[in-house]
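Let's work through a few exercises together. Keep the model open beside you, and try each task before reading its solution.

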Amino acid sequence: MCSYGGGDVDDWYDDSDTDDHAEDTGDDRHHQQGARNSDLDLDDEDRTFLFPDTWGAAPTRKEKDIQGIQWERLAITREWYRQTRLQEYKNYENIPNSGEEAAEECKQTEKDGMYYEFRKNTRSVKSTILHFQLRNLVWATSKHDVYLMSHYSVLHWSALSGVDTELMNVQGHVAPKEKHPGSLLEGFSQTKVSTMAVKDNLLVAGGFQGELICKHLDREGISFCCRTSHDDNALTNAIEIFNTSSGAVHFMASSNDNGVRDYDMERFQLCNHFQFDCPVNASPFGYFF
């Protein structure tokens with residue numbers, strides 16, 4: 001058990017903010033690789049004691065750590081740990097020195113602005129991301145609605161009730177209930193989700209082998225399934241749901257086969273297929289097309 005000094009564990013459980021500030025946002029959406037809680041070499045008893053499952057804004061107002069790490073009870077300081085991480089961790093780069101070159105070209109921003117105010121952090125629901133280059137597997141569609149991938153389940157978690165609800169499980173067999181031209185009626189099994197998008201009661205998940213699974217959140221079952229490509233490297237990189245200039249709802253999906261495909265979400269028909277010299281890894285696409 002780690003030695004500690006000062007502070008009461010109960011201070012880290014702050015229920016007073018839950019109701020009074022339910023309308024406020026508070027998600028820290030910046031996930032970093034490298035130094036993590038697991039790197040602190042703690043046993044289960046220490047970890048439970050030092051990292052409570054849920055805590056609110058009151059501790060952070062007392063200059064406590066936003067991640068819930070109680071540094072005063074550890075043998076190392078936050079400053080030392082951060083400095084060690086900066087020295088030892090190497091960022092992954094597809095293009096050498098791209099970070100330094102971008103910093104020279106981009107406008108420098110001030111770092112003292114208040115962009116969000118922390119309200120609550122919880123470890124009661126956890127996302128699982130199979131590879132560090134995967135993106136958009138956690139979505140916040142409102143100030144208290146979060147959609148995330150947890151193993152083979154797509155979950156909705158409410159910051160108001162603290163309840164998570166399974167919307168879709170792709171571990172077994174998934175097949176569409178609706179009939180649309182081009183839909184793969186036999187569906188998929190054991191789908192590994194690489195990216196997803198959630199917007200306006202619509203959910204689209206993309207898989208490692210080019211799978212696309214579409215679901216209306218206000219309807220039972222799956223609406224549409226298709227495979228974008230049978231290419232050996234057809235992993236779905238990114239998906240965006242957007243409104244066209246005419247007001248129609250579309251989604252775009254980019255894959256490692258260098259393609260970006262535009263689908264109409266009313267009939268789930270392929271409208272455009274753009275081909276590039278290399279894979280497109282990021283959205284938004286609607287801004288460009």
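**Exercise 1. Which residues gather in a patch of negative charge on the surface?**

Before starting, note that this is a predicted model, in which local features need pLDDT of at least 70, side-chain atom pairs count only at pLDDT 80 or more, and totals for chains, interfaces and linings use all residues. Residues are numbered from 1 along each chain as its sequence is written, and side-chain values use heavy atoms, with hydrogens and water left out.

Step 1: settle the rules. A patch is built from residues with over 30% relative accessible area and no salt bridge, joining like charges within 9 Å and nonpolar side chains (Val, Leu, Ile, Met, Phe, Trp, Tyr) within 5 Å. Asp and Glu count as negative, Lys and Arg as positive, and His and the chain ends are not counted. A charge is placed at NZ of Lys, CZ of Arg, CG of Asp or CD of Glu. Accessible areas come from the Shrake-Rupley method with a 1.4 Å probe, and for residues only the protein chains shown count as cover.

Step 2: read off the members. The negative patch consists of Glu93, Glu100, Glu101, Glu104 and Glu105.

Step 3: look at one of them. Glu104 sits in helix H5 (residues 98-105); helices (H or I, at least four residues) and strands (E, at least two) are DSSP runs, numbered from the N terminus. Glu104 counts as exposed because its relative accessibility is 70%, where buried means under 20% relative accessible area, exposed over 50%, and partly exposed in between (1.4 Å probe, protein chains only).

**Exercise 2. Find how many salt bridges there are, and place the partners.**

Step 1: apply the rule. A salt bridge needs a side-chain nitrogen of Lys or Arg within 4 Å of a carboxyl oxygen of Asp or Glu. The count comes to three.

Step 2: take Glu178 and Arg219, whose side chains meet at 2.9 Å, N to O. Glu178 is in the loop between strands S7 (173-174) and S8 (188-189), and Arg219 in the loop between strands S11 (211-216) and S12 (224-227), so the pair ties together parts that are 41 residues apart in sequence. Arg219 is partly exposed, at 40% relative accessible area.

Step 3: turn to Asp257 and Arg261, a salt bridge at 2.8 Å, N to O. Both Asp257 and Arg261 are buried.

Step 4: finish with Arg267 and Asp264, which meet at 3.4 Å, N to O. Arg267 is partly exposed, with a relative accessible area of 47%, while Asp264 is buried at 7%.

**Exercise 3. Search the whole structure for disulfides, then check Cys214.**

Step 1: a disulfide is a pair of cysteine sulfur atoms within 2.5 Å. The search finds zero.

Step 2: for Cys214, the nearest cysteine sulfur belongs to Cys226, 6.7 Å away. Cys214 is buried, with a relative accessible area of 0%.

**Exercise 4. What is the phi of Asn136, and what is that of Phe268?**

Step 1: Asn136, although not a glycine, has a positive phi of about 65 degrees. Its place is the loop between strand S2 (120-122) and strand S3 (138-140), and Asn136 is partly exposed at 27% relative accessibility.

Step 2: Phe268, also a residue other than glycine, has a positive phi near 55 degrees. Phe268 lies in the loop between S15 and strand S16 (269-275) and counts as buried at 2% relative accessibility.
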